[in-house]
Amino acid sequence: MATMIEENGPSTHVQSEVSSSSHARQKLEGLLNKNMRIRMTDGRTLVGLFLCTDRDCNVILGSAQEFLKSTDTFSQGEPRVLGLAMIPGHHVVSIEVEADSLEDTQGFGATH
Amino acid sequence: MVMKSAVEDDDAGWGLGIPEKMKNNANWVDITHEFKGACKELNLGELLHDKLFGLFEAMSAIEMMDPKMDAGMIGNQVNRKVLNFEQAIKEGAIKVKDLSLPELIGIIDTCFCCLITWLEGHSLAQTVFTCLYVHNPDLIEEPALKSFALGILKVCDIAREKVNKAAVFEEEDFQAMTYGFKMANNVTDLRVTGMLKDVEDELQRKVKSTRSRQGEQRNPEVELEHQQCLALFNRIKFTRLLLTALITFTKKETSSVCEAQKLVAQAADLLSAIHSSIQHGIQSQNDTTKGDHPIMMGFEPLVNQRLLPPTFPRYAKIIKREDMVAYFGKLIERIKTVCDVINTTNLHGILDFFCEFSEQSPCVLSRSLLQTTFLIDNKKVFGTHLMQDMIKDALRYFVTLFWTVCADVICILCCLFNNHQAKDYIDSFVTHCSRPFCSLIQIHGHNRARQRDKLGHILEEFATLQDEAEKVDAALHSLLMKLEPQRQHLACLGTWILYHNLRIMIQYLLSGFELELYSMHEYYYIYWYLSEFLYAWLMSTLSRADSSQMAEERILEEQLKGRSSKKTKKKKKVRPLSKEITMSQAYQNMCAGMYKTMVALDMDGKVRKPQFELDSEQVRYEHRFAPFNSVVTPPPVHYIQFKEMSDLKKYNPPPGSADLYMAASKHFQQAKLILENVPSPDPEVNRILKVAKPNIVVMKLLAGGHKKETKVLPEFDFSAHKYFPVVKII
């Protein structure tokens, strides 16, 4: 968390980039409080509500549950409850959301 | 097997609540690329979040992939399969029958180590339940191992129950959570001890059959088997004795405590044999240098990793087998001491017993056993008499001892106790005493660091009690005036409470030295408060009591002489307070010596003082003595008063540092003299002497100007005594 807090200084807006960055911001805001599935570099998957992110793609999930990698036979499928969890951006491998949550979020998924 | 961890729900509501959509039927769409792209558009330091979610909430998130916070990480990095008991049996990774003797010995020893690690404050999931066998003893076919697994579970269960009931633990002492593990509740205690006994008998037969016979050529293999059988026999017997002792403690009769004492003594006799046979057990296999846990057959340190709450210590370091025997030895010694409590019947003796026991910093189990032995189910002392009666006895004892001047006690006891109004007053007072005194005793069951905090708080309760005591004293006085106008009732109840107040206050201040809370520049006012104020009050209370007691004895003696023609046999009465008076004098002199030493060192610039920026000495002083503000008698000494009272300018001429060193040396000398005259010195006396003697010399040297110019700060060595340091000039 330290990095996010330290960098939470006064944000400086660069006038020329306002349009593209505001679009991106809109896209991300549309995802807030949606279910999100994040795969981490060590193979674990976290599922939880998307609550917060920043420029380095650090993501905070609420009510997060941890699923082990599928090769693990022990307690496979049985999630462990983590609660509020922050995944550092450099450990994020993939991000998924549920299809129906994209319906009201334009610009995501549509291109793919 | 129920395996659910209890995780507290987050206040903000971001915590739990498992969404229904979690099931795999949801249609997930990958947005990694777009998401990362969109993130890059954000400004440096900008957080994109819901308006209900702020930085404050973000702070409480655990950070994934941080080894300090992410408990799931470790299990994921180990390159082996983590199997639970059933899986391990199915894969053949674990034996449930035909275990060799070395295997059994190794498993049992490791289990003992786990048990101790648990008792030292780690969670069950990371200690005892890393042993797969205890997860489900029903699946074990080997009788020795099965009975042992059940025995260990019972030991844990009873220990947990005792500790919970006594309620003298904090999170740092003990983890009471069982994570839903079954503690062999489907089998009775009697059945388990019976099973252990059966195994024991069977092993004893084997031990006998492999024993060397006279004139027989010894086969080394048979000899080894004999040794191993004996090793296993001792371990099983030890488990049974420990379990039986704990079961005995749960019985309500006082006699059972003696029985428990005998049982643990028998268990202690087995320890040296267990220690010398540790090498017979199998050791853990893999090398631990790669950061992995040591792996023993039957143990899986990571089996419960998923049960742990999100943030939890990564893993408990299980103690070594060699240390296990020593720990059991000490534990048994402590339990034996606990059993002695039943020989003390008066309240003051009990309080002293609890204080003394606590000074060894005993473990949570022995502390809890002491509590539950003393107050069974929190109502009756030793399960037989009421706390109120004990207080009344203590009061009567104290009153007859202390406040017999004018014979008003005899009056109280004879006339007033028959006067039902007076009796009502005293009864209700005694009833009100019962709770604070129970709490006081309970406080002494907590660990040393927590005790201090709680002592500070209980002063409030004693202040209320003192208020009531004074009212009752006044009422008794007016009653007495009506009955016998010549006599007056002294404030005996109030003084009795005052005596306890002073003891608590002294203990509160002294424990700060033990816990290393004070810095050097604070010593002088702490020692001042103790020597000039608290000990002075305590001494005047005690010596007044002592002299009045002697006067009373004289009166009684004369009365007896007058009545009977027979000469009463002259017997030397022991003055029960003389020891306490002597010790208080010694303590007071030690404190006074330390106070003067600190002032003199300060004059010579040998005390480092902090740069007071945001606080001042007054702030610190007031913080140190803050709990005393709730006490009415003795009244708290405020900082300004302290400064006035300790001002050296009031002397003419004001003393210099050499004079103060000299005075300090005299105080230490005085303490030494007092202590050397104690008839049968206990260890405490010798400990204080060990500080007093070198300090006399050092103070004399300092008074003579030794190393006056050195800029090196003196050292304070608390190794000889926890409250008084040996001053070292380097």
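This report covers the fold of chain A, one of its strands, and salt bridges in chain B, all taken from a predicted model.

## Chain A overall

Chain A contains three helices and five strands. In sequence order the elements run α-α-β-β-β-β-β-α. The chain has 112 residues, and 54% of them count as buried.

Contacts in chain A between residues at least 6 apart in sequence include a share of 45% that join residues at least 24 apart. The accessible surface of chain A is about 5,000 Å². Carbon and sulfur atoms contribute 49% of that surface.

## Strand β4 of chain A

Strand β4 of chain A spans residues 80-87. Seven of its eight residues are buried, so the strand is largely enclosed by the rest of the structure. The cut-off behind this statement is a relative accessible area under 20%.

Strand β4(A) has a pairing partner within chain A and another in chain B. Within chain A, strand β3 (residues 59-67) pairs with β4(A) in the antiparallel sense, over six bridges. In this pairing A:Q65 has A:V81 of β4(A) as its bridge partner. Across the chains, β4(A) pairs with strand β3 (residues 62-63) of chain B in the parallel sense, over two bridges. There, A:M86 stands opposite B:E63 of β3(B).

In a regular strand the side chains alternate between the two faces of the sheet.

## Salt bridges within helices of chain B

Over all chains the structure holds 33 salt bridges. One of them links B:E161 and B:K165, with the closest N and O atoms 3.7 Å apart. Both residues belong to helix α6 of chain B, residues 143-166. They are four residues apart, which is about one turn of the helix. B:E161 is partly exposed at 38% relative accessibility, and B:K165 is also partly exposed, at 46%.

A second pair sits in helix α7 of chain B, residues 189-209. Here B:R205 forms a salt bridge with B:E202, and the closest N and O atoms are 3.1 Å apart. The two residues are three apart in sequence, so about one helical turn separates them. B:R205 is exposed, with a relative accessible area of 52%, whereas B:E202 is partly exposed at 40%. B:R205 is classed as exposed because its value is over 50%.

## A salt bridge between distant parts of chain B

B:K722 forms a salt bridge with B:E359, the closest N and O atoms being 3.7 Å apart. B:K722 lies in the loop between β7 (715-717) and β8 (726-728) of chain B, while B:E359 lies in helix α11 (residues 347-359), so the pair ties together parts that are 363 residues apart in sequence.

Both ends of this salt bridge are partly exposed: B:K722 has a relative accessibility of 23%, and B:E359 has a relative accessible area of 31%.

## A salt-bridge network

Salt bridges in chain B also occur as a network. The residues linked in it are B:E170, B:E172, B:R450 and B:K454.

Note on methods:
Residues are numbered from 1 along each chain as its sequence is written. Chains are lettered from A and ligands numbered from 1 in the order in which they are written. This is a predicted model: local features need pLDDT of at least 70, side-chain atom pairs count only at pLDDT 80 or more; totals for chains, interfaces and linings use all residues. Side-chain values use heavy atoms; hydrogens and water are left out. Buried means under 20% relative accessible area, exposed over 50%, partly exposed in between (1.4 Å probe, protein chains only). Contact means heavy atoms within 4.5 Å. Accessible areas come from the Shrake-Rupley method with a 1.4 Å probe; for residues, only the protein chains shown count as cover. A salt bridge is a side-chain nitrogen of Lys or Arg within 4 Å of a carboxyl oxygen of Asp or Glu. Two strands pair if DSSP finds at least two bridges between them.
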